[in-house]
Amino acid sequence: MKPVTEVEERSDVITLPRIGEDAYRWASDLFPLCRSLTGPGVRETLRYLQELLPAMTVESVPTGTKVFDWTVPKEWSVRSATLTGPDGDIVADFATSNLHVVGYSVPVDRKLTLGQLQAHLHSLPDQPDAIPYVTSYYKERWGFCLPHRQRLALKPGTYHARIDSDLADGALNYGELRIAGECTDEVLLSTYVCHPSLANNELSGPVVTAALARWLAAGRRRYSYRILFIPETIGSIAYLSRHLDEMKRRTIAGYVVTCVGDDRTYSFLPSRNDGTLADRAGRAALAWHGRGHVAYSFLDRGSDERQYCSPGVDLPVASIMRSKYGTYPEYHTSLDDLSVISPEGLQGGFEAIAKALWIIEHNEVWRATMPCEPQLGRRGLYPTLSTKDSYEQVRTMMDVLAYADGTRDLIALSDRIGADIFLTQTIIARLAEYGLLDAVPEGGRA
Amino acid sequence: MKPVTEVEERSDVITLPRIGEDAYRWASDLFPLCRSLTGPGVRETLRYLQELLPAMTVESVPTGTKVFDWTVPKEWSVRSATLTGPDGDIVADFATSNLHVVGYSVPVDRKLTLGQLQAHLHSLPDQPDAIPYVTSYYKERWGFCLPHRQRLALKPGTYHARIDSDLADGALNYGELRIAGECTDEVLLSTYVCHPSLANNELSGPVVTAALARWLAAGRRRYSYRILFIPETIGSIAYLSRHLDEMKRRTIAGYVVTCVGDDRTYSFLPSRNDGTLADRAGRAALAWHGRGHVAYSFLDRGSDERQYCSPGVDLPVASIMRSKYGTYPEYHTSLDDLSVISPEGLQGGFEAIAKALWIIEHNEVWRATMPCEPQLGRRGLYPTLSTKDSYEQVRTMMDVLAYADGTRDLIALSDRIGADIFLTQTIIARLAEYGLLDAVPEGGRA
Amino acid sequence: MKPVTEVEERSDVITLPRIGEDAYRWASDLFPLCRSLTGPGVRETLRYLQELLPAMTVESVPTGTKVFDWTVPKEWSVRSATLTGPDGDIVADFATSNLHVVGYSVPVDRKLTLGQLQAHLHSLPDQPDAIPYVTSYYKERWGFCLPHRQRLALKPGTYHARIDSDLADGALNYGELRIAGECTDEVLLSTYVCHPSLANNELSGPVVTAALARWLAAGRRRYSYRILFIPETIGSIAYLSRHLDEMKRRTIAGYVVTCVGDDRTYSFLPSRNDGTLADRAGRAALAWHGRGHVAYSFLDRGSDERQYCSPGVDLPVASIMRSKYGTYPEYHTSLDDLSVISPEGLQGGFEAIAKALWIIEHNEVWRATMPCEPQLGRRGLYPTLSTKDSYEQVRTMMDVLAYADGTRDLIALSDRIGADIFLTQTIIARLAEYGLLDAVPEGGRA
C-alpha cells in the first residue's frame, strides 16, 4: 500500500485537456461575423457552435414577446453600410469592420454636411486609433463609429451615409445545451453571443464555454449542466422568463463565462450576497490555481449576473474571468481583437472554471467515523519511526481527520487547514476508502 | 420626464432651516441663570423654553419621592454668596459667576483662617485661570470655587464665608413635549437643564433641542416624538420611573442632545450594545454630513444614556455631538462660556441630529417588484445610447434595484452600495413612484 | 464601609501558593527514570506522584485490549543497553542516558560493521551535540541515538550492539485523581508520563499538575476535577474508551498540561473550534497574567488535545503552556534537561493554569437587579463630591453595572469593559453583596 508521503508530491490531481489552440481557432473563425442581440450573425455563430456541440439546440423567441418587464426587439440585419466623403473616398465601411456601424442602426441613405453628420458619429478622443463599439438597441437611431484621429481629419463638404439594414419582426435566438448528470441538481454556465468582432469581450466566453461543455459531456458527472449561449441582458431575461421556477429549484451554482481569453490576470466577481457554492468553489479554484486573482465586488458587475442575481431571481451565479470587462484598455473597441486573446489565455480561463466545476462535483461534507485519531500506522498510512521531523509528513492527513467533524465540506476543510484543495480531496478519497471518513448525505451542495 | 442624471447633481435633498443665530441668542439669554438639579434657575430656564415651545408642559416631582433606587433631593436655591478676604476684599462672589459656589452648598456664615478655609476651596492647578464646576448633590457640604492662580495668592488671615442658600423640600422640575405623528412608535430626544453658566456643556443641548422640536412640530411626521428637558441623572431616572413601560413599548430610537454647540468636530457615542436604529441612523447621518466624526464607545458614556441604556431600561439611545464632554479643554470650567459655542457650531449640531431624524423617518425596507432588471429606458430612466461611459451614469439606480431584495432598509442599502443616503432615498422614491420598488410593511424600524 | 477606590489598588485578588521550588525538586527526582508508553519507569513515576497525591489511583489496561481503533501495546522494559566500538570503548550506554536507546527497542545482541550499524543509528546534523529522542512504538525495531559529532567520529570496524530489553504482555498504567466539588460538572487536567529524561517536555507537566491537584484539593471547589497522568496518545485513547460518555456529559473545560517549566514565554493553543469555556478562561488568564503570550492555532496541536478534541470526542480542551513543544531548540533532545526548566518557570506555568481554573470557578453570568444606575453614594460606594476627575475613580464599577445585562459572564464582562478580570470579580462580589447584581442560574459554564 502506498504511503501517504507519495500523495503529497502530486498536488495537481485533476488532469484537464489542452483546449487553448482549438478555442483560439474557433474564435478566429467566428471573429468576422456581425453578431448583435438578434439577426443572421447570431444564427451563424450558433450554427458554428452546434458543430462543436451537436447536442445543443437553437431556440427562438419571436419579436414582440413579453419577457418580464421587457419586449423582445425586432431582428436586425445589415447587408452593407458605407460612409462616403466629399471626394468620394470611403470614410467607413461595414465590410472592413462591423464596428463601423452603430449596433441596431436603422436604414439610411442620405446626404449631409459634415456638421449634420457629426451627431451620427462616435469616436474616442482618449483612444484616437480605436473604433468604439456602440449600440442603440431600444431607441431607433443610426450612426457610424470611427477612429477619433480620422474623424478630426474629415474635410467639410457633403457626405453620403448609407446603411442597408433591416429592423423587422423575427426572433431572438439562443443556444441551449443540457447535460444530464447523476442527479437533477444542476450547474449553470451562461455566455453571450451578441458582441460583433470583439475577442476577449466577447468571443472568449463562447469558445471557452464550448470547450467546457465538451469536457463535461465526455465524462460521468454527479450534477446536471445547463449551458446557455444567449444575447446579453435580453437573452438571459427571455430565458429566465421561460425557466425561472425550474432553475430556482435545481441550480446549486452557476458562472457567467465572459472575458476568459487574455493572459494578463485572473478575476473573480461574486454573486450578490456572496457565500454561495458558486462563490466558494470559484474562490477555492482560483486560490489553488496558483496565479492570484483580482477580487471584485458585485458592485462591479456588468454582465448577465445582473439578471441571474437580481432580487426575485436570486440564483447562485458568480464570474471567473481573466481581465474583466471595463478594466482593460482594449475593452469595447476595435483593439479588442484576436491579438488580445491567446491559446494560453483561453487555456487558463478554461482551467480556472473547470477546476471550480471539479470542486463542485467533489464537494461533500465529511465526518470521521470513530472517536480519537485512527491508527494510521497499521494501515500503512503513517511512518512507523517517530522522529523530530516525521510528524510533519502526515500533518495534512491528520488535519483532514481532525477537522472532518460533519460540519465542513471539502471547500471549508481545505480552507481551514490551509491545504491545497486538490490534495485534500485525494487524501479524503483515500481515508474514505479505508472507512475512516464518511460523507454526510446531501452535504456540500450549498 | 427628467432623466436620472439630473438627480445625481443634487445629493442634498433635505432642506433644513437656518437656526444657528436664534439658538445662539437663546443660549445667551439663558447663560446667566443659576441652573442646578432643582430650584428657581431650572424653572426660569423651562419658562424661557416654554415661550419657544408653547406645547411643552413643566412637570414636578416632589422632594422625597422614591424613583427606582434614588430619592428626589431637596430643592436648592441660593440668593447670594461671597467669600471675603482678610482685608475685606471680595475673593469670590456668586453675583459675578454662579460657578464660584459649589452646587448644592448648604448655608454658611462663618469666619475661618486660610488654613481652615482650604478644605472648602476648589481650583484646577492645570488650568490656573479657570473656575472649576463642582457640585455635591448627595452629601451636605459647602464650598467655593476659584481660579488656582487666585487661590495661590490668598494671604493668611481671617476669611468670611457666607452662602445665603436654602436646601428645602420642593420639587424636581422638567419640561416635556410630545409631538404626535402618524403612528405611536416614537423617537426620544433628551437634553439637560441642570448646568449653570456653561455653554457647550450644557446650554447647547437645550437650545438645539428647542430648534429640533420647532422643526419637527412644523411638518407632518411619521413617528411621534417625546422631547425632554430634564436635570441630568436624577431627572432621567425620575422620568423613567414614571414612563418606563410605555417608553419600552414605543421607542424605536432616541438621542441624548448634549455638547452640540462648538464648531471643532463631530462625535458619535453609540448605545450600549450598538446596532439599534438610533446607532445606524446616527452614523449614516454623520457619514453623509460630510465632515467626519470621532467615534466613541459606550464605555466613554457620561450623560443620560447611562440611564436610558442601563440593563432593565435598554432603550435604543445614542448621542450625536460636536466636541464631547470631557474631551475639550474648557469642559466643566468657567472657560466653557459663550465664546466656545457659535451659530455655526449650533447649526451643525442641529443639522447632524435633524438628518438622523430624517433618516429614521424615511427608513424603510425595499424590494424590487419584478424578477430581472426592469427596462428603465422606456420609462425615460435610462440613456438609450449605450457607449463605453454611459453605464456609469445609471449605476446608482441599478445598484438600488439590484440590492433592494427585501432584506435591506434605506440605511443598509446606502451603506452597501456606498451611495449618499439622501441621493439613495431620492432614487428609491422615484423608483417606487414607477412601481419598480415596494416597501416591506413595518420594515426599517429596528 | 471601604470606598471602591481602595479596591482598585489590589488587582491581584487571588493568592496562589509558591510551588516552584517543590515542583523543581520533584522533577529532579523523576528525571532519571526511563519512562515510556508502558513499563516499570511509568509505574515508578506514578508511585512517586502518589506520595504527593495520596488520593490518586493507578489503573491498568492489559496489553492487547482494544481501545477504539487501537490496541494496547506490549509492555517495554530495558535493563541495560550498550553500543561498544571496535576498540572496546563504549559508544552509547543506557546507564548514562536513557535517550541513547530508541524507545520500544526490541532486544538485540549482535555484532555489525559500522556500515551495517548506520541503519540503527539516529543523530541530528543540525544539533551535533544533542542526543535525539526517538521511539518506535508500533513497529518492532532497535536502535541507538547519539550526538551527530560523535557519530561522525566513529571508526570503521565491528560494533557490538546489545540491548537487554523485554517486549512482553503486561499493562498500560496511568494515574487518575478525582476531586469532588459542589457539583458534578467537571474540569479535566491531563498530563503525560511517557517521556524519559526530558524536562520541559515532559516532566514539567506532571509536576505542575501535581501542584495544581494539591492546590485544588486544599480548598472548597464549585466544580469537580478529573486529573490524569497518562502516556500520551494511547493513554488518552485508552482512557477515553473507558470514560467517554461520562466525560462528554460532565466536562465543561479542560487543559492538557504540557511544557510548563521554562521561563521564556507563555503560549496558548485553543480547542479545535475554539470559543469553549476552556479557551475563553485560558485566554483571559493569560491576558491578565500580564506577560503576553504566543497564540497558536489548533493546527499547531501535538499532544492529547488531538484525542480530546477529535470529532466524536469533542471535549472543550485547550493548552496553556510556557515554550510549546516543537518550538524551542532543546525540544526532544538530551538538551531538554533540568537546566531548561526552573522554579520560576514552573511557578509561572502553575499560576497561569491556576488562574484559568480560578476564572472557571468564578465565571457566572450577572445582571443588574434594578433599572437605571443604583445610587452608589448612599452605600459608601461613590465619592460624594463631584469634580472633574472623580468620575474616573468609579468608572470600572459603573461599567460592571452598565454591562451586567444578563448576557455576559465574568469573562465577557471583563473583556468588554477592558478591566482586569480579577478586579472585575472583586467588584462583582461587592455589588452582589449589596444586592445590586444577581447571578443568572446555570450561567457561565459554557
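**How the B–C interface and a helix pair earn their labels**

Modeller: In this predicted model, the interface of chain B and chain C holds 14 residue pairs in polar contact, both partners being at pLDDT 80 or more.

Colleague: Nice start! Which secondary-structure elements of chain B supply at least two residues each to the side that touches chain C?

Modeller: Those are α7 (234-250) and α9 (305-308) of chain B. The most comes from α7(B), with 3 residues. By class, that side of chain B has 14 nonpolar, 9 polar and 7 charged residues.

Colleague: What makes Arg378(C) and Asp69(B) a salt bridge?

Modeller: Their closest N and O atoms are 2.6 Å apart, and the cut-off is within 4 Å, so the pair qualifies as a salt bridge. Across the interface of chain B and chain C, the rule finds 5 salt bridges.

Colleague: And how much area do chain B and chain C bury between them?

Modeller: About 2,500 Å², with 49% of it on carbon and sulfur atoms. In contact there are 30 residues of chain B and 27 residues of chain C.

Colleague: Turning to chain A, why is α11(A) called roughly perpendicular to α13(A)?

Modeller: Helix α11 (residues 395-403) and helix α13 (residues 421-433) of chain A pack at about 70°, their axes 10 Å apart. Roughly perpendicular covers 65 to 115 degrees, so the label fits α11(A) and α13(A).

Colleague: Which residues make that contact?

Modeller: From α11(A), Thr396(A), Met397(A), Val400(A) and Leu401(A); from α13(A), Leu423(A), Thr424(A), Ile427(A), Ile428(A) and Leu431(A). They divide into 7 nonpolar, 2 polar and no charged.

Notes:
Residues numbered from 1 in each chain as written. Chains lettered and ligands numbered in written order. Predicted model: local features only at pLDDT ≥ 70, side-chain atom pairs only at ≥ 80, totals over all residues. Heavy atoms only, no water. Axes fitted to C-alpha atoms, helices over the stretch in contact; angles between N-to-C directions. Helix = DSSP H or I, 4+ residues; strand = E, 2+ residues; numbered from the N terminus. Parallel < 35°, antiparallel > 145°, perpendicular 65-115°, else oblique. Contact = heavy atoms within 4.5 Å. Nonpolar A, V, L, I, M, F, W, Y, C, P; charged D, E, K, R; others polar. Buried area = accessible area lost by both parts, 1.4 Å probe. Salt bridge = Lys/Arg side-chain N within 4 Å of Asp/Glu carboxyl O. Polar contact = N/O pair within 3.5 Å; in protein donor to acceptor, adjacent residues only side chain to side chain.
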